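Work through the two exercises below with the structure open beside you, and try each task before you read its solution.

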Amino acid sequence: MKVLFISPEAVPFAKTGGLADVAGSLPLALKRLGVEVYLVLPFYRMVGESNLEHRLIPKELAVPFGDGALTARVWESMTEAEVSVYLIEREDMYDRPTIYGNSRGDYYDNFERFTFFARAALSMAEMLSIKPDLIHCHDWQTGLVPAMLKGTLRDKRTLGDPLTVFTIHNIGYQGIFPAEKLRLTGLSREEFFHSEGLEYYGNISLLKAGIVYSDAVTTVSPTYAREIQTPEYGMGMEGILRYRRESLHGILNGVDYRLWDPARDPHIAAQYSPGNRGGKQVCKESLIRETNLDPALIKRPLLGMISRLDAQKGLDLLLKVLEDILALNVGLVILGSGDEKIQQSIQEATERHPGCVKVTVGFDEPLAHRIMAGSDILLIPSRYEPCGLTQMYALKYATVPVVRATGGLDDTIVPFDNETGEGNGFKFEVYETKAFLDTVGKAVDLFQDAKAWERLMANGMREDFSWERSAKQFRTLYELLTAKH
Ligand code: ADP
């Protein structure tokens, strides 16, 4: 089985979020299961600036674009795990400081950049005679690939006859652009621009193109797969997703335990494991010192939060109950980056409580690891959460997650039951301050019961969300599709 991954981001080449972790780790897990995987990405400036090795393929790529064609160069690289990676280079499109835009907003030509990328990825597969059995696309940036394969490239035998899988990592990003731009794609208006095609309230939606024209759609957790078929979570795409529900699959993301395991984490003050948990207390003391919090907190619960600062993540809920949470006599450490307004309000609210709260604004990978290891409780009160990775990391670090029951958070966290000793965290249903505060209160109460808390931490550390399980589900899906084909 030969699979071509087309993704706008993948670790270690380019990352803005969880998608990059998935596109970086899943190919390796699939390779271990015997799937032959190729990955294609744009050649962003950060790729050139990295010390990742790459070599130029000495043949220029001609890519149909609008009424004409544009050229691109293709570089070949390889991940540590020897997955072949192809990088599409066009300086005017991808040689920029960031991937999608700057603090003033998205780049004005993102439609052109990702239409070109989609078409170039297919031209590259032809040029290199890859002939994949299946093409796996990720998010709106690649949504045109399945459409192109159903349109202009329908009879192109040079590509083989690949099936397509389209993965939705977050339905909130829909790739919406003006209808006039359709001519750049080579797709005919009659065939594609209608309500059952890629038209979306008079515009083009590239996310919708991916949903409509792929052979199967996946998203990153079983619960999110159900949620996005409802008006509350579907963000306008619920109708088309319900229409495609037979082909929609929720497959939970995995954790890369090479990077997130307290037994071998180089960023934390002391390493620890299920059999030897002593290092966790050292990590907590070290975090309290580093953040200048009150040393008395060593015996009290220390709450952590590591999050993009986005309305999705439930920070409004946290701000509303901040005083009440602190009244529980706990400490709070927050690491976040993103929305400037949210950032400001958190900073203002927390300035009033030095010694109890520490907020760090920015993207800081090592600090994220230190908070993960040093906190007792991790707060994830998301409004919606397609999968969520931090709750799965927290379990491994014996940090107890308090989550809202939505998406992947609901699929991975089981409330602790002190009678049976089963469960791995705490969760609340409705997106309301009282429910959140009550649940934090329960966690703080249980913290006083050392024996129960030990059990809860041990339950979490035993969980296994490694990629292997998810990769097996993807392989089964690929096999089912190709068998039907
Ligand atoms: P999302 O993809 O919606 O941001 P996930 O929970 O799936 O949420 O993934 C978030 C990832 O980004 C985790 O690896 C988390 O540790 C990391 N992260 C989020 N904010 C920061 C930050 N400010 N600094 C460092 N890492 C962060």
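**Exercise 1.** In this predicted model, find how far a polar side-chain atom of K313 lies from an oxygen atom of the ligand, and then describe the shell around the ligand.

*Solution.* Begin with K313, where a polar side-chain atom is placed 2.9 Å from an oxygen atom of the ligand. Next, turn to the backbone, where G18 has an N or O atom 3.3 Å from an oxygen atom of the ligand, while a polar backbone atom of D364 lies 3.0 Å from a nitrogen atom of the ligand. The protein covers 92% of the 560 Å² of accessible area that the ligand has on its own.

Then consider the shell as a whole: 18 residues surround the ligand, and those that come nearest are R308, K313, G362, D364 and L389. Sorted by class, the shell consists of six nonpolar, seven polar and five charged residues. At least two residues of this shell are supplied by each of β16 (302-309), β17 (331-338), α14 (365-374) and α15 (390-396).

**Exercise 2.** Determine at what angle helix α17 and helix α18 pack, and which residues make the contact.

*Solution.* First locate α17 at residues 433-447 and α18 at residues 450-462, whose axes are 7 Å apart and meet at an angle of about 115°. Because angles of 65 to 115 degrees count as roughly perpendicular, α17 is roughly perpendicular to α18. From α17 the contact takes A443, L446 and F447, and from α18 it takes A450, A452, W453 and L456. Finally, classify these residues: seven are nonpolar, and none is polar or charged.

Technical notes:
Residues numbered from 1 in each chain as written. Predicted model: local features only at pLDDT ≥ 70, side-chain atom pairs only at ≥ 80, totals over all residues. Heavy atoms only, no water. Axes fitted to C-alpha atoms, helices over the stretch in contact; angles between N-to-C directions. Helix = DSSP H or I, 4+ residues; strand = E, 2+ residues; numbered from the N terminus. Parallel < 35°, antiparallel > 145°, perpendicular 65-115°, else oblique. Contact = heavy atoms within 4.5 Å. Nonpolar A, V, L, I, M, F, W, Y, C, P; charged D, E, K, R; others polar. Near = heavy atom within 4 Å. Polar contact = N/O pair within 3.5 Å; in protein donor to acceptor, adjacent residues only side chain to side chain. Areas by Shrake-Rupley, 256 points an atom, 1.4 Å probe, with all protein chains shown as cover.
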